[in-house]
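Visitor: I have a structure to go through. Can you take me around its strands and salt bridges?

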Amino acid sequence: MLRKKQYHVILALALLAVFVLTAAGPVNPGSPTPDNFDKFLVYMADGLYDPNDPSYTAPNAQEFQRDVMQRSDAEIAQDRADAIAFYNQRFGLNLVDPGGDLFAPFTTDDGVMFTPFYFDPRNEYRAYVVSNEQVPSSGWVIRDGGWSASITNPDGYTLGGEFDGIHVPQGTMFAFGDYNIQRTLPGGREIEPLLIHYQSGGPIIPNADQNGGMFFRCELFSEEFGEGLAQGIVAPQMLPDGRIHQNIRNVVTFPGLGDHAE
């Protein structure tokens with residue numbers, strides 16, 4: 001049998017454990033995944049900054065590919081080639097890689113620019129909802145980069161490929177890249193990031209009435225979640241003092257349109 005002193009010690013420890021668990025409250029598993037979906041995420045960006053601040057140097061596309069995605073030069077070259085092949089097949093942009101520097105942009109004779117990019121961290125692009133995961137109110141930082149294409153021809157461009165015959169204006173954009181989401185545990189310790197590849201489902205056409213704002217739809221591919229869809233809007237506000245107040249809302253689902261199979 002337990003001695004009286006041992007009993008009191010054990011009782012005190014048990015009461016302490018109950019107190020700690022009660023004070024901490026129930027474990028929050030995060031937002032549940034909606035019915036008919038396997039994963040659900042919401043991204044937002046609301047950064048406020050001066051794009052012409054001479055004291056700030058934004059990280060470049062090399063840093064995204066090498067430091068964030070941790071790709072070798074051979075892997076970067078393959079990703080670049082995949083982007084060019086995708087743009088040619090889906091949109092008929094007729095891009096031909098001139099070779100040389102992996103991170104050198106180039107423009108075709110008919111006015112299509114191919115450019116590596118790393119979305120400026122000052123935009124504060126973050127995942128605020130990741131279903132079934134505990135995301136802090138500050139969100140999880142999204143490192144977003146890849147290879148963009150844009151129409152520079154003032155007369156616009158007539159697409160080919162899957163959009164054969166469709167004419168788009170100058171400023172139309174196309175995206176091919178990766179979301180690298182910096183995931184943390186509730187205590188703040190960083191763990192393995194979420195990796196999601198995206199590519200344009202259609203041309204991204206700026207709206208002249210919304211400071212260059214635009215709607216976008218991207219196909220997604222994830223080793224963890226399968227195929228999905230990202231749909232959202234970019235509508236930055238240009239302030240009188242020259243600063244940008246970024247405004248992005250992006251809803252991500254796997255699968256893209258849900259599964260209603262019985």
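Guide: What follows is a short round of questions on this predicted model.

Visitor: Which strand sits between S2 and S13 in the three-stranded open sheet?
Guide: The edge strands are S2 (48–49) and S13 (237–238), and each pairs on one side only. S2 pairs in the antiparallel sense, over two bridges, with residues 244–245. The order of the sheet then gives the strand: S14.

Visitor: Which residue in S14 is the bridge partner of Leu48?
Guide: S2 and S14 pair over two bridges. The S14 residue that partners Leu48 is His245.

Visitor: How many bridges join S1 to S15?
Guide: S15 covers residues 248–254, and five of its seven residues are buried. S12 (residues 226–234) runs antiparallel to S15, with six bridges. S1 (residues 39–45) is antiparallel to S15 too, and Ala45 stands opposite Ile248. The number of bridges from S1 to S15 is seven.

Visitor: Is Asp79, the partner of Arg71, buried or exposed?
Guide: The two side chains meet in a salt bridge, at 3.2 Å from N to O. Arg71 has a relative accessible area of 18%, under the 20% cut-off. Asp79 has 9%, so Asp79 is buried.

Visitor: How many residues apart in sequence are the parts that Glu219 and Arg90 tie together?
Guide: Their side chains form a salt bridge of 2.9 Å, N to O. Glu219 lies in strand S11 and Arg90 in helix H3. Glu219 is partly exposed at 22%, whereas Arg90 is buried at 10%. The parts they tie together are apart in sequence by 129 residues.

Technical notes
Residues numbered from 1 in each chain as written. Predicted model: local features only at pLDDT ≥ 70, side-chain atom pairs only at ≥ 80, totals over all residues. Heavy atoms only, no water. Pairing = 2+ DSSP bridges. Helix = DSSP H or I, 4+ residues; strand = E, 2+ residues; numbered from the N terminus. Buried < 20%, exposed > 50% of the residue type's maximum accessible area, 1.4 Å probe, protein only. Salt bridge = Lys/Arg side-chain N within 4 Å of Asp/Glu carboxyl O.
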